[in-house]
Every structure is written in C-alpha cells, then in structure tokens.
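Here is a protein for you to explore, with its sequence and 3D structure side by side. Take a moment to look it over, then read on.

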Amino acid sequence: MKFLSFTKLTFLPVFALLLSCTSAFGAPHRYTVNVDYTLSRLTVEAHYSAPVHNIRARSRNASRFMLDVRGCDDGPAIRVRSRRLLLPDDGVKCLKYTVDLSRAAKEYRGARYLASQNIVVSPSLWLWRPALDDDAEIRVQFQLPEDIQVSVPWKSLDGDNTLFAILDSPESASAPAVFGRFDYREITVPGSTLRLTMLSGNTAMNHDAVVNWIRATATDVSLTYGRFPNPSPQVVVVPVGGGRGTVAFGRVVRDGGETVELLINPDGDTAEFFTDWTATHEFSHMLLPYLDSSFHWISEGFSQYYQNILLTRSGAYDAQKMWQKLYSGFERGRKSSPDLSPNESTGRRGRNSRMKVYWSGAALALMADVTLRERSNGKETLDDVLDRLQLCCLPSSRTWTGPELFTKLDTLVSEPVFMPLYRRYADTAGFPDTSDVYARLGLSVMDDTVSIEQDAELASIREAMTVTHSPTARWRDRLAADD
Ligand SMILES: [Zn+2]
C-alpha cells in the first residue's frame with residue numbers, strides 16, 4: 001500500500017467495486033466446523049461472501065438439534081422456525097451455531113449397530129446454509145481433535161480430507177457424514193479414487209474382504225467404458241446386525257457429491273460379496289445422472305441391465321445365467337401391473353408395479369444396445385454412448401427428466417435410438433416386447449428356461465456384449481487420444 005501513487009489511488013474505488021462484485025458472485029462462503037472429542041457437540045462459524053437472507057437446513061428435524069445460533073458479534077440469539085432461520089431484514093454476513101451432535105446421531109437408521117467411536121449424522125441435520133446457485137460454493141474447513149476423522153461426499157480440496165467444497169447437487173436424499181474413528185481407505189480404479197469409509201460396529205467386519213469387494217466391483221463398472229463414471233465418490237460401508245445374506249442394503253445418494261451407502265451383515269459369508277449384485281447395481285447408477293422420481297424406471301432399468309452385463313464381463317456369471325436373469329426379470333416386469341405404462345408405474349408405489357419399474361428400462365437398454373451394435377456392425381455400443389454422456393455431462397449437479405436424458409443420448413449417436421423407444425413404450429400400458437430381440441440374438445426359451453443357439457442372426461453381437469475387455473488398455477488408449 002505504501003507504494004501507491006496518487007494516480008493509482010484514484011482507481012481504488014473502481015477496484016474495490018470490482019472486488020465486491022467478485023465476492024458477491026464468485027467467492028465461496030466459508031464454514032469452519034469443530035467437533036469435540038466425545039462427538040457430542042458440533043459448532044460452526046459461517047462467513048458469507050455477501051449478506052445472505054435465507055438460511056435453511058435440509059431436514060425438517062434439524063431445528064430439534066440446534067442448541068444456539070447467533071451472529072458472530074454475539075448479538076441476540078436467532079430464532080429458528082421449522083427448517084429456517086429468522087434472520088434480520090438486512091441479512092447476515094457471519095453466523096455461529098452449535099448442534100447437539102450426539103442426539104442428532106440417533107436419527108441414523110443404522111445407529112444402534114454402531115460402536116460408540118463413530119457416528120453418522122447427515123449434513124441435512126446440521127448444515128444450515130443458503131441455497132447454492134450455479135456460481136455459489138461453500139467451503140467447509142473441519143477442525144477436529146486428534147484421532148477424529150470426518151467423511152463427507154463433498155469435493156476434497158486437501159490431502160488430509162479436512163477442507164471440502166460443497167457444490168450444487170440434485171439432493172436426491174440425505175448424504176451421510178461420518179465422524180469419529182473409522183477405517184478410511186482410498187481405492188484407485190481406472191478414472192477414479194473411491195473414498196471408502198468402513199464404520200466400526202458392535203460386531204467386527206472383515207475390512208480386507210470389503211476393500212477387495214469394493215475394488216473389484218468398481219473395476220467391473222469401469223469396464224463399461226474404461227473408467228469409473230465419478231472421479232471421487234464417497235463409499236460408506238456400515239455393519240448392521242442379522243438379516244439374510246451378506247449385503248443387506250445399498251443406495252446411491254446425490255447430495256453435495258455422490259455417495260454409495262452399503263449396509264452389510266458382518267456375520268455373513270464374505271465369499272458372497274463377489275456374487276452379490278448390490279454394489280454393482282448401485283455403482284451402475286452413476287452411469288446416468290439423477291432422474292426425477294417419475295422416471296426411476298429408466299435409472300433402475302439401466303442399472304439392472306448393467307449389473308447383469310458387468311457381472312458377466314467380470315466372470316461372476318456365465319452368459320447363460322445372465323440371459324436367464326434378464327429373461328426372468330422381463331417376465332416379472334411383464335406380469336407386474338400390465339394395465340400401467342412405465343411412466344405410470346413409477347408414480348404408484350404399489351408393490352405390484354415394482355417389477356415393472358425395475359425391468360421396463362432394462363428392456364429398453366437391451367433394445368437400444370442391440371440396435372446400436374447391429375446398425376454399426378458392432379462399432380458403436382451403449383457403452384460408447386454412456387462414455388460420451390459422462391464426458392459431456394457427469395457427474396451432474398441437477399435432476400434430469402427421462403425425455404431430457406434420452407434426447408441427450410440421441411445427440412451422441414448418428415441417428416436417434418432412444419427417443420423413438422421412449423415414444424413407443426414410456427406411456428404405453430404393458431411391457432416392452434423383448435421376444436423378437438431375444439430370438440434374433442439366438443436366445444430360445446422353453447419352459448421359462450433360456451438356451452443359447454450358436455448360429456443365430458445376431459450371435460456375434462450377443463457374444464460381444466459380454467466379452468471382458470481390459471480396462472487398463474482402453475484407459476491407456478483414451479489418455480493417448482487426449483494428448
Ligand atoms: Zn437402483
């Protein structure tokens with residue numbers, strides 16, 4: 001400053017104005033989050049890049065855990081109504097608040113299975129924030145006691161995982177945030193480093209088996225087009241008690257980042273990990289953007305299709321088993337609410353429509369894949385189209401509709417395939433007829449059992465669909481092409 005001449009000083013107001021514009025539209029809001037050693041309290045100091053007038057929490061229950069909130073100048077407490085802070089008319093630039101973390105942790109559905117050294121509390125319950133538009137970003141710096149770690153789905157900005165950026169996202173559900181002492185590993189597969197958090201439960205689980213399972217499954221998904229669709233997803237594995245099988249439940253959450261949450265039975269047989277489809281199905285969801293709930297038949301269907309294709313490419317299934325599973329799924333879909341169209345079936349939560357939701361999109365994925373391969377002599381596949389979709393559009397910050405997705409996919413191929421299928425089937429009662437494509441692929445069905453005919457019209461296409469190709473080779477090719 002001391003070197004400024006008088007002429008330069010005259011530019012200062014303009015310069016200051018530019019700076020304030022930048023801070024209003026470009027600079028991130030900055031949150032500093034502290035957690036105490038006993039995981040009972042979480043305190044936040046939030047500095048906004050410009051005064052904000054509307055601060056909310058995602059969950060309706062968040063206000064129950066707010067212990068105190070006020071401006072940073074230690075003024076009067078700010079009242080909370082429902083999930084909103086009642087802010088002064090001129091907004092706030094800085095907030096301090098305290099959350100009852102140990103009580104909020106009881107909201108997590110797996111809480112009773114967890115050892116006390118680690119808790120799961122969704123940011124929906126403790127992150128009070130303004131809405132994020134396209135330019136806005138929140139940076140969160142965690143200040144944690146020694147030995148306490150945090151795992152969130154947000155973009156990590158430093159090597160030791162304490163500084164994160166929260167970007168706009170579809171907010172499809174509430175993401176998990178994990179605090180405490182847990183086993184954290186980074187798993188590298190082509191195109192991605194998965195951030196795996198394994199929680200400690202009342203019963204110990206075999207962490208090495210979990211790591212091998214997640215690595216193998218993520219590698220299977222990277223076989224689709226040579227790299228995993230998200231460069232850095234959060235993966236949270238929670239040991240829960242009892243139940244049948246080893247993998248009890250899985251889901252994808254797109255909330256400030258992308259998370260796969262897997263609940264496993266620590267007493268289960270870890271050999272089952274490698275034939276179980278749950279993780280392959282959940283990871284396959286990341287091949288598409290998040291679709292509005294009325295189009296979940298598309299996202300579920302594509303995941304059903306890919307989980308079967310990928311488990312066959314990886315060797316977990318043989319080809320007969322895969323075509324049988326697809327056939328049986330299509331039959332279940334066909335019998336499910338035959339009076340409803342796929343678009344109608346997603347709207348109704350009736351148990352009878354569930355199989356239509358899970359399988360009608362899989363039938364469309366198969367038809368699209370075979371059409372693409374047939375008309376290009378095997379040079380263009382559904383894998384290639386999803387590769388292009390990832391390059392242009394994933395991970396996506398917003399919710400898509402079915403027609404938006406299919407229109408986009410059609411722009412990525414030489415001649416439309418997807419919207420014609422959508423127009424034909426999405427609003428038509430019944431189930432897409434797969435008998436013709438099965439017959440041409442050389443898949444004959446007798447007494448609900450599929451057998452493979454070797455000399456069928458599209459036999460070479462059928463075989464190409466399940467051939468294992470080397471992910472490393474394709475990845476290397478892509479890197480060379482990018483140079
Ligand atoms: Zn699913």
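## A disulfide between neighbours

Cys-393 counts as buried in this predicted model, with a relative accessibility of 17%. The cut-off explains the label, because buried means under 20% relative accessible area. Cys-393 is joined by a disulfide to Cys-392, with the two sulfur atoms 2.1 Å apart. Cys-392 is partly exposed, at 41% relative accessibility.

You can also describe how this link is twisted. The torsion about the S-S bond of Cys-392 and Cys-393 is about -90°, so this disulfide is left-handed.

## The other disulfide

How many disulfides are there by the distance rule? The count comes to 2. Besides the link you have just met, a disulfide joins Cys-72 to Cys-94, with an S to S distance of 1.8 Å. This link is left-handed too, with -70° about the S-S bond. Cys-72 sits in the loop between β3 (66-71) and β4 (80-81), while Cys-94 belongs to strand β6 (residues 92-100), so the bond ties together parts that are 22 residues apart in sequence.

Are these two cysteines buried or exposed? Cys-72 is partly exposed, at 24% relative accessibility, whereas Cys-94 is buried, at 15%. If you number the bonded cysteines of the chain in sequence order, the pairing reads 1-2, 3-4.

## Helix α11 and what follows

Now back to the part of the chain that holds Cys-392 and Cys-393. Helix α11 covers residues 382-393 and has 12 residues. From its first C-alpha to its last, α11 reaches 16 Å, close to the 16 Å expected at 1.5 Å a residue. At its N-terminal end, α11 is capped by Thr-381, which has a side-chain oxygen 3.2 Å from the backbone nitrogen of Asp-383.

How many of the residues of α11 are buried? The number is 9 of the 12, so the helix is largely enclosed by the rest of the structure. The buried ones are Leu-382, Asp-383, Asp-384, Val-385, Leu-386, Asp-387, Leu-389, Gln-390 and Cys-393. When you look at a list like this, one general point is handy: an α-helix has 3.6 residues a turn, so residues three or four places apart point the same way.

Further along, Thr-401 is found in the loop between α11 and α12 (402-411). Thr-401 is partly exposed, with a relative accessible area of 28%. Its C-alpha atom is separated by 5.6 Å from that of Leu-291, although the two residues are 110 residues apart along the chain.

## Helix α10

Helix α10 spans residues 354-375 and has 22 residues. It reaches 33 Å from its first C-alpha to its last, close to the 32 Å expected at 1.5 Å a residue. Of the 22 residues in α10, 16 are buried, and the helix is mostly covered. After α10 comes Asn-377, whose phi is positive, near 55°.

## A serine in strand β2

For a strand, try Ser-49, which lies in β2 (residues 41-52). Ser-49 is buried, at 12% relative accessibility. Its side chain reaches the backbone oxygen of Ala-27 at 3.4 Å.

## Empty spaces inside

Rolling a probe the size of a water molecule over the atoms shows where empty space is left. In this structure, the search finds 2 cavities of 30 Å³ or more. The largest cavity has a volume of about 100 Å³. Its lining includes Arg-58, Trp-154, Ile-166, Asp-255 and Gly-256. By class, the lining residues of the largest cavity are 6 nonpolar, 2 polar and 3 charged.

The second largest cavity has a volume of about 50 Å³. It is lined by Val-150, Ser-151, Val-152, Asn-161, Phe-164, Tyr-184, Arg-195 and Gln-234. This lining divides into 4 nonpolar, 3 polar and 1 charged residues.

## The second largest pocket

Which residues are the closest to the centre of the second largest pocket? First, its volume, which is about 360 Å³. Of the 19 residues that line this pocket, the closest to its centre are Leu-167, Asn-230, Gly-256, Gly-257 and Pro-395. The lining is made up of 6 nonpolar, 8 polar and 5 charged residues. You may recognise Gly-256, which also lines the largest cavity.

Terms used: Residues are numbered from 1 along each chain as its sequence is written. This is a predicted model: local features need pLDDT of at least 70, side-chain atom pairs count only at pLDDT 80 or more; totals for chains, interfaces and linings use all residues. Side-chain values use heavy atoms; hydrogens and water are left out. On a 1 Å grid over the protein atoms alone, a cavity is a set of points where a 1.4 Å probe fits but cannot get out, and a pocket is an open set with protein on both sides within 12 Å along at least five of seven lines; lining residues have an atom within 4 Å of a point. Grid points are joined across faces, edges and corners, and a volume is the space filled by probe spheres set on the points. Ala, Val, Leu, Ile, Met, Phe, Trp, Tyr, Cys and Pro count as nonpolar, Asp, Glu, Lys and Arg as charged, and the others, Gly among them, as polar. A disulfide is a pair of cysteine sulfur atoms within 2.5 Å. Helices (H or I, at least four residues) and strands (E, at least two) are DSSP runs, numbered from the N terminus. Buried means under 20% relative accessible area, exposed over 50%, partly exposed in between (1.4 Å probe, protein chains only). The expected span of a helix is 1.5 Å times one less than its number of residues. A polar contact is a pair of N or O atoms within 3.5 Å; within protein, one must be able to donate a hydrogen and the other to accept it, and residues adjacent in sequence count only if both atoms are side-chain atoms.
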